[in-house]
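Me: I would like to go through this structure step by step, asking about one part at a time. Please take care to explain each term as it comes up.

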Amino acid sequence: MRKEGVWALAPDRIIGFFRSQAEIAPVENGFQFRNCRISVTSLAPRLVAGMELPQTQVTFEGSEESVSPIYKQFIMWFLSAGG
């Protein structure tokens with residue numbers, strides 16, 4: 001299973017989220033949750049109404065059993081007051 005998206009968040013905030021999770025291990029070029037590989041890629045900022053917004057691509061790849069829970073946790077964190 002693969003899920004990916006581009007978020008208008010600085011990569012440091014996203015990386016900070018993954019580093020704060022006890023079940024997630026840092027690995028070369030990303031993070032690992034069970035058998036889900038997570039990569040965080042900084043993209044060029046997007047210009048909106050004269051403001052530059054950060055753009056960060058986040059990709060989750062692995063089995064559905066591993067991708068689904070961490071993807072849901074990530075979405076909930078950044079769509080709620082926590083992020």
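Reply: Let us begin with one of the hairpins. This is a predicted model, in which local features need pLDDT of at least 70, side-chain atom pairs count only at pLDDT 80 or more, and totals for chains, interfaces and linings use all residues. Residues are numbered from 1 along each chain as its sequence is written, and side-chain values use heavy atoms, with hydrogens and water left out. Strands β4 and β5 form a hairpin with two residues between them, and the turn residue with a positive phi of about 50° is alanine 49.

Me: How many bridges join β4 to β5, and which residue in β5 is the bridge partner of valine 48?

Reply: Strands here are DSSP runs of E with at least two residues, helices are runs of H or I with at least four, and both are numbered from the N terminus. Two strands pair if DSSP finds at least two bridges between them. β4 and β5 run antiparallel and are joined by 10 bridges, and the partner of valine 48 is methionine 51.

Me: Which residue in the turn between β3 and β4 has a positive phi?

Reply: Strand β3 (residues 30-33) runs antiparallel to strand β4 (residues 36-48), with three bridges joining them, and one bridge pairs phenylalanine 31 with isoleucine 38 of β4. These strands form a hairpin with two residues between them, and the residue with a positive phi of about 50° is arginine 34.

Me: In what order do the five strands lie in the open sheet, and which stand at the edges?

Reply: The pairing is antiparallel and the order is β1-β5-β4-β3-β2. Each edge strand has a single partner strand, so one side of each is left without a neighbour in the sheet; these strands are β1 (2-7) and β2 (25-27).

Me: How are α1 and α2 oriented to each other?

Reply: Axes are lines fitted to C-alpha atoms, for helices over the stretch in contact, and angles between N-to-C directions run from 0 to 180 degrees. Helix α1 (residues 11-20) and helix α2 (residues 64-79) pack at about 125°, with their axes 11 Å apart. Angles under 35 degrees count as roughly parallel, over 145 as roughly antiparallel, 65 to 115 as roughly perpendicular and the rest as oblique. The two helices, α1 and α2, are therefore oblique.
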